[in-house]
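Here is a set of questions and answers for someone meeting this structure for the first time.

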Amino acid sequence: MAIKHNQKIVKTHLRKDWQRRVKTHFDQAGKKKSRRTARQAKAAAVAPRPVDKLKPVVRCPTIKYNRRVRTGRGFTLAELKAYQERLILLPRRSNAPKKGDTKTDLTKVEKVSLVSAALPIAPTDIAFKEISKGDMPAAIEGGAYRALRDARSNQRYQGAREKRAREKAEAEADKKK
């Protein structure tokens, strides 16, 4: 049952064994070194292939950031075709190359450990462009919304209007006979 009205705060006994719950990070420097050696071992294992994954260049969402470009998740066909032109397929075994593998000497090929180094994100032109008043498109009479609604209405009722005109023409043809 809840306490009603203005009661005094009960003094609680909060002397728990806090020393057991404290997490210390005295191994921070050692963890840093082991992560670094693990990264180097991974790079050596997959060399001369890149360590990171291929990611596309996308524009940031929202009005505030849409001038910026960053790495994203989905690709355009143009980006994939550009990547394929620069791609060199290495044979898994040097004594048995397969179809599509490169036949060039690997000592002459430029080796890159990161895809981001081979395909960097180029900054976009974020400057504002000024145009003269004469370059502005002419205003639509009645407004753009009205023009769109009229076009939608004309498209929707086009068949009915053609049918009505056809029946009217047939009726006049019958009168002349």
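The turns below start with the whole chain and then go on to single residues.

Q: What kind of model is this, predicted or not, and how many helices and strands does the chain have?
A: The model is predicted. From the N terminus on, its elements run α-β-α-β-α-α-α-α. The secondary structure of the chain comes to six helices and two strands.

Q: What radius of gyration does the chain have?
A: Along its principal axes, the C-alpha trace spans about 105 × 85 × 45 Å. A compact globule of 177 residues would have a radius of gyration near 16 Å. The value for this chain is 35 Å.

Q: What percentage of the residues in the chain is buried?
A: A residue counts as buried when its relative accessible area is under 20%. The accessible surface of the chain comes to about 17800 Å², and 56% of that belongs to carbon and sulfur atoms. Of the 177 residues, the buried ones make up 5%.

Q: Among contacts between residues at least 6 apart in sequence, what percentage joins residues at least 24 apart?
A: A contact here means heavy atoms within 4.5 Å. Among the contacts in the chain between residues at least 6 apart in sequence, the share that joins residues at least 24 apart is 41%.

Q: How many salt bridges does a search of the whole structure find?
A: Side chains of opposite charge can pair when their charged atoms come close. R20 forms a salt bridge with D17, and R146 forms one with D150. The search of the whole structure finds two.

Q: Which residue forms a salt bridge with R20?
A: R20 is exposed, because its relative accessible area of 64% is over 50%. The closest N and O atoms of the salt bridge are 2.9 Å apart. The partner is partly exposed, with 35% relative accessibility. The residue is D17.

Q: Which helix holds both R146 and D150?
A: The side chains of R146 and D150 meet in a salt bridge with an N to O distance of 3.2 Å. Both residues are partly exposed, R146 with a relative accessible area of 43% and D150 with 35%. They are separated by about one helical turn because they are four residues apart in helix α5.

Q: Which residues make the nonpolar surface patch of about 280 Å²?
A: One member of the patch, L80, is found in helix α3, residues 77-86. L80 is partly exposed, with a relative accessible area of 35%, so the residue passes the patch cut-off of over 30%. The patch is made by F75, L77 and L80.

Q: What is phi of T62, and is the value positive or negative?
A: Most residues other than glycine have a negative phi. T62 lies in helix α2, residues 62-65. T62 is a residue other than glycine, yet its phi is positive, near 70°.

Q: How far apart in space are S153 and P120, C-alpha to C-alpha?
A: S153 lies in helix α5 and counts as partly exposed at 27% relative accessibility. In sequence, S153 and P120 are 33 residues apart. In space, C-alpha to C-alpha, they are apart by 49 Å.

Notes:
Residues are numbered from 1 along each chain as its sequence is written. This is a predicted model: local features need pLDDT of at least 70, side-chain atom pairs count only at pLDDT 80 or more; totals for chains, interfaces and linings use all residues. Side-chain values use heavy atoms; hydrogens and water are left out. Patches are made of residues with over 30% relative accessible area and no salt bridge: like charges are joined within 9 Å, nonpolar side chains (Val, Leu, Ile, Met, Phe, Trp, Tyr) within 5 Å. Accessible areas come from the Shrake-Rupley method with a 1.4 Å probe; for residues, only the protein chains shown count as cover. A salt bridge is a side-chain nitrogen of Lys or Arg within 4 Å of a carboxyl oxygen of Asp or Glu. Buried means under 20% relative accessible area, exposed over 50%, partly exposed in between (1.4 Å probe, protein chains only). The radius of gyration is taken over C-alpha atoms; the globule rule is 2.2 Å times the number of residues to the power 0.38.
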